[in-house]
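Let's take a look inside a protein and see what its interior holds. Have the sequence and the 3D view open as you read.

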Amino acid sequence: MKTIAFYIIICSLSICACKTKRNDYQITMTGKCLETNFSLINGIKIDELEVKSFSRENIPYEFYLKESLTLKKSSDRPGFIKNLIFFDRPNANYYWENDSTWGIFDISVVNYKYRGSISKKSRSDYSYQKQYDIYPLAFKPNSWYLIDFIRTDLGENHREFLHVDDKNNFIFHKLKNVSED
């Protein structure tokens, strides 16, 4: 009887595991923090975009990079963040670094038209590459961002567009194949 109960429990757990999508990303964000249902141990990259055109799905189709900041691990300090990042205070053992001249690479979606960086900074001048304990920019209403979740515990890099609307709501849009209007 114990063996039968054991098999029923194992089968039930297997069925539940199959119903859960492996890449079910849940992200909540405000101007003060970002929280996910997956590990952020490798940090994130936030690219502010200047959008030139939108797809039929009303997400950026053609865009330029305005500003880019990456949350990186301090190699000399122990400890990791789990699934919560703060913008209004330091994240223990991590720092923000400006990466604006390097641009956006490997978007993974062929149909988007990334046109390059509009930063006035030169790649040969590393003085712009400053480090910050606190996220140095404010998220602006009516703005678009590309958020790169670097090597998540779900086994892959994950990217989503973020739109901050005129009421300061943070709305995420998964990257997908899009078409121009």
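Here is a short tour of the cavity, the nonpolar cores and a few buried residues.

Keep in mind that this is a predicted model. Rolling a probe the size of a water molecule over the atoms is how you find leftover empty space. Here the count comes to one cavity of 30 Å³ or more, and the largest cavity has a volume of about 40 Å³.

**The cavity**

- The lining of the largest cavity is made up of I46, E48, E67, S68, L69, Y135, L137, A138, F139 and Y145.
- Strand 3 (44–54) and strand 4 (60–73) are the elements that give two or more residues to this lining.
- Strand 4 gives the most, with three residues.
- If you sort the lining residues by character, you get seven nonpolar, one polar and two charged.

**The nonpolar cores**

- The largest nonpolar core has 24 residues, and the ones that touch the most other members are I46, F87, W96, F139 and L162.
- Plenty of strands chip in to this core: strand 1 (27–29), strand 3, strand 4, strand 6 (94–98), strand 9 (143–149), strand 10 (158–164) and strand 11 (170–174) each supply at least two residues.
- Strand 9 provides the largest share of this core, three residues.
- There's also a second, separate core of eight residues, including I59, F63, W144 and L175.

**I46, a residue to click on**

- I46 turns up twice in this tour: it helps line the largest cavity, and it is among the core residues that touch the most other members.
- Not counting neighbours within four places in sequence, I46 is in contact with E67, S68, L69, F87, W96, Y135, F139, Y145, L146 and I147.

**L146, in a strand**

- You'll find L146 in strand 9.
- Is L146 buried or exposed? L146 counts as buried because its relative accessibility is 2%, and the cut-off for buried is under 20%.
- L146 and R159 are 13 residues apart in sequence, and their C-alpha atoms are 6.9 Å apart in space.

**I81, in a loop**

- I81 sits in the loop between strand 4 and strand 5 (84–86).
- I81 has 10% relative accessibility, so it counts as buried too.
- Which residues is I81 in contact with, leaving aside its neighbours within four places in sequence? They are L40, I41, L71, N91, A92 and Y94.
- One of those partners, N91, is 10 residues from I81 along the chain, with 7.4 Å between their C-alpha atoms.

Key. Residues are numbered from 1 along each chain as its sequence is written. This is a predicted model: local features need pLDDT of at least 70, side-chain atom pairs count only at pLDDT 80 or more; totals for chains, interfaces and linings use all residues. Side-chain values use heavy atoms; hydrogens and water are left out. On a 1 Å grid over the protein atoms alone, a cavity is a set of points where a 1.4 Å probe fits but cannot get out, and a pocket is an open set with protein on both sides within 12 Å along at least five of seven lines; lining residues have an atom within 4 Å of a point. Grid points are joined across faces, edges and corners, and a volume is the space filled by probe spheres set on the points. Helices (H or I, at least four residues) and strands (E, at least two) are DSSP runs, numbered from the N terminus. Ala, Val, Leu, Ile, Met, Phe, Trp, Tyr, Cys and Pro count as nonpolar, Asp, Glu, Lys and Arg as charged, and the others, Gly among them, as polar. A nonpolar core is a set of buried Ala, Val, Leu, Ile, Met, Phe, Trp, Tyr and Cys residues joined through side-chain atoms within 4.5 Å. Buried means under 20% relative accessible area, exposed over 50%, partly exposed in between (1.4 Å probe, protein chains only). Contact means heavy atoms within 4.5 Å.
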